[in-house]
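Dear colleague,

I am handing over the structure we spoke about, and you will find it just below. After it I have set out what was found, going from confidence to the chains and then to single residues.

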Amino acid sequence: MRMICLGLLAMAEAVALREAAAASPVQHVLVQMPLLVLAGVLLGWNLRVRRDWAVPLLLTALTAFLFWMLPRSVDWALTPAGEAAKNLSLPLLLGVPLRLSWPWLGPVLRGFLKANALSMLGVLGFLYTHAPVRICNSYLVSAQQELGFAFLYLAAALACLWAIPVLFGHPKCGSFGTAGCSRCGV
Amino acid sequence: MSTASENYIPGHAAAAPQAGAVKLTMILSGAVFALMMVFGLIMRAAQGQWIELDAALFYQLLTAHGAGMVGTAALSGAAIMWYFGGRHLVLTGGIFWAFLGLFLLGVVLILGAIFIGGYGGAWTFLFPLPALSGGAWEAGAAAAFMLGYTAIGVGFLLYYLELGRRIHTRYGSLARALGWNLILGREDNDPPPPAIVAAAAVTIFNSIGIILGAAVLAASLVHLLVPGFEVDALLAKNLIYFFGHVFINASIYMAVTAVYEILPEYTGKPWKSNRLFAIAWNAVLIFVMAVYWHHLLQDVVMPPWMLVVGQLVSYFSGIPLIAVTAFSTFLYVRGSNMTWDLASALLVLSVAGWSVGSIPASIDGMISVNKVMHNTMWVPGHFHTYLLLGEVAMAFGFMAWLVRGKTIARMNGLDRAGFAVYLAGAAGFVTVFLFSGAASIPRRWAVHYEEWLTHDRIGTLFSVLVVLGTLIFVLRFVARLGRSEG
């Protein structure tokens, strides 16, 4: 119940950011859209599915993700129809399927998805900082460049977030103990 | 003659993890090494005007030779590290097969891009050259080349993810696997062996290189498809050289695990991790990622401090290698009364060649020298020393050990001949490159002036010896495949 409430809260927060999203692509793409995905993840937190649903659900989530990565989709999301599609699809077609499929994904596939996310954030950073035209008609070129740099900062932050536990071990494991770590599966 | 069991190290060599997959990979590596060397021989003979070669075909061969040698060095290094990593970790065979399949898919795409599409923009795919062919190839060929790299990169990423997670599971953290307990003087009753320290370091720096390489590959692909999307050329060059430099270095750092794991069988002295060894590998981890700036010393728009760091790290990066691996090899071999067979001879040669190769690298890493030497044959002289007398010799040494059998016997006549021919050919070949560089003969030129032909022709003769030696090693490996490893 707590997770559902948190999910609804994230959803409400995202909807409340409507005007901020129209004003800044950083708030739109890196605050509002992730909040909608988070809402879906939290709403699906206590749900469980069978293992053979994992791949279709992951493909659904990746397809939704790819769609909303396109600059054209970001523009469309500011129209009434696009906004409704965004508010429904990001939680239901990305957040929930991702949450449901994630426990069934092997560690190598999870690592691959994370590494790919870092590479793609780098590519988006390249594109948004170097595009010779306005990629999104709704935003200024200067705002577009801010978004590009924000993608790069996010990539660096996520790289640290994901790499530090692997490099130094889980904090509960103690500092490089010799007995290994039950939490990490040793 | 002695038997491997006399020098047997408890806990080592007991398992033969996924030996079939590794042997297949080494057959493929040996065959591609030989083919790429033939390409190199053709290019040297064409430069020496002993054969006629269309300039467009020369650059296609140059591209295939560069991409093929770097890729195969990495493939063979990865197979070696997987094999010896498997002695200490439980690795999933399916990941290795997926890695090999993606690698072969990449090879097909790259060969198609070069020999069907006509791509000849060199293995470095330096932005914006792939999109500016002047009509020599279509954008589709360049895109296929980059997709081939992407497939290989994905394969390597899977490989490192599997290796990294198994190291993490076994040791609790990559820091412990890097020997931080040894460095900090903490008690560790199960310290990581040298192969694991190397594997942890390579997993970290090559994963970072691959992730950044994938970003610049994808951005370059977008530029090919939508030319209006310009990538910042200097940033792209930095990313490409970071990726390329780290990747080719990783191939040697992976292959050196063969030295750590095999030589103790001959010397009878176990090769253990200690504080100095761990410090050296942690230094390698940093240096290998900071040294690539020495490729950009002629880019005057680079921030000066980066170029200074590039020069300084070029000096320092040789120290961990020479202080630890080369010096330790010398100490292990000295006075051990070891039996010299083909495997041990090639492995010791590889450490010597790797160390010697760092000298021309450090010289070229000096800004004042680099201004004059970087676009000359000096640079191929340096990296051919690293590869022919370093990584490739490690790979051939590993192959010889894989089919050695249980008994360590002195080299027979064919082994001695193969070793002598390969050593003479490789040493002569790289020396000619270095002399040509010192004489300011430019690299990457399809057509040479009359005054340079003597260099090219002597180099061609030495490259014939290299190809002969390689054929002996590869055919010997195939003929003895039925035998088990030492």
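Chain B has a mean pLDDT of 91, with 96% of its residues at 70 or more. Please keep in mind throughout that this is a predicted model, for which the predictor gives the complex an ipTM of 0.82 and a pTM of 0.90. Within chain B, the element with the highest mean pLDDT is helix α17(B), at 97, while the lowest, at 46, belongs to strand β1, residues 2-3. That strand falls in a stretch, residues 1-15 of chain B, over which pLDDT stays under 50, although the model has 25 contacts for it beyond four places in sequence. For chain A the mean pLDDT is 88, and 91% of the residues reach 70 or more. Here too there is a stretch to treat with care, since residues 174-186 of chain A have a pLDDT below 50, and yet the model shows 32 contacts for them beyond near neighbours in sequence. Where pLDDT is low, the predicted coordinates should not be read in detail.

Turning to chain A as a whole, you will see eight helices and zero strands, and its C-alpha trace spans about 55 × 35 × 30 Å along the principal axes. Of the 186 residues in chain A, 36% are buried. Among the contacts in chain A between residues at least 6 apart in sequence, 71% join residues at least 24 apart.

The two chains meet through 28 residues of chain A, which are in contact with 33 residues of chain B. On the side of chain A that touches chain B, α7 (107-130) and α8 (141-168) each supply at least two residues, and α7(A) gives the most, with 12 residues. By residue type, this side of chain A divides into 19 nonpolar, nine polar and no charged residues.

Helix α3 of chain B is a good place to follow that meeting of chains. This helix covers residues 93-115, and its 23 residues reach 33 Å from first C-alpha to last, close to the 33 Å expected at 1.5 Å a residue. Its buried residues include Phe96(B), Phe99(B), Phe103(B), Val107(B) and Ile110(B). What do the buried residues of α3(B) pack against? They pack against α7 of chain A, together with α1, α2 (55-85) and α4 (139-171) of chain B.

Helix α17(B), residues 453-479, can be read in a similar way: it has 27 residues and reaches 39 Å between its first and last C-alpha, close to the 39 Å expected at 1.5 Å a residue. Among its buried residues are His455(B), Asp456(B), Thr460(B), Phe462(B), Val466(B), Thr470(B) and Phe473(B), and what covers the buried residues of this helix includes α1 (19-47), α15 (378-402) and α16 (413-438) of chain B.

The largest nonpolar core has 211 residues, and those with the most contacts inside it include Ile80(B), Phe145(B), Leu178(B) and Ala258(B). Leaving aside residues up to four places away in sequence, Ile80(B) touches Met254(B), Ala255(B), Thr257(B), Ala258(B), Ala395(B) and Phe398(B).

A few backbone details in the loops of chain B may also catch your eye. In the loop between α3 and α4 of chain B sits Pro128(B), which is joined to Phe127(B) by a cis peptide bond with an omega of about 0°. Gln49(B), in the loop between α1 and α2, has a positive phi of about 60° although it is not a glycine; because 15 other C-beta atoms lie within 10 Å, Gln49(B) is partly exposed. A positive phi, near 65°, is also found at Ser440(B), again a residue other than glycine, in the loop between α16 and α17 of chain B. Ser440(B) has 13 C-beta neighbours inside 10 Å and therefore counts as partly exposed.

Lastly, is Tyr315(B) buried or partly exposed? This residue, placed in helix α11 (residues 304-316) of chain B, counts as partly exposed because it has 14 C-beta neighbours inside 10 Å. Tyr315(B) lies 50 residues from Glu265(B) in sequence, and their C-alpha atoms are 33 Å apart in space.

With best wishes

How values were computed. Residues are numbered from 1 along each chain as its sequence is written. Chains are lettered from A and ligands numbered from 1 in the order in which they are written. This is a predicted model: local features need pLDDT of at least 70, side-chain atom pairs count only at pLDDT 80 or more; totals for chains, interfaces and linings use all residues. Helices (H or I, at least four residues) and strands (E, at least two) are DSSP runs, numbered from the N terminus. The expected span of a helix is 1.5 Å times one less than its number of residues. A residue is buried if 20 or more other C-beta atoms lie within 10 Å of its own, exposed if 12 or fewer, and partly exposed in between; C-beta atoms are placed from the backbone. Two residues are in contact if their C-beta atoms, placed from the backbone, lie within 7 Å. Ala, Val, Leu, Ile, Met, Phe, Trp, Tyr, Cys and Pro count as nonpolar, Asp, Glu, Lys and Arg as charged, and the others, Gly among them, as polar. pLDDT is the predictor's confidence in each residue, from 0 to 100. A nonpolar core is a set of buried Ala, Val, Leu, Ile, Met, Phe, Trp, Tyr and Cys residues joined through C-beta atoms within 7 Å.
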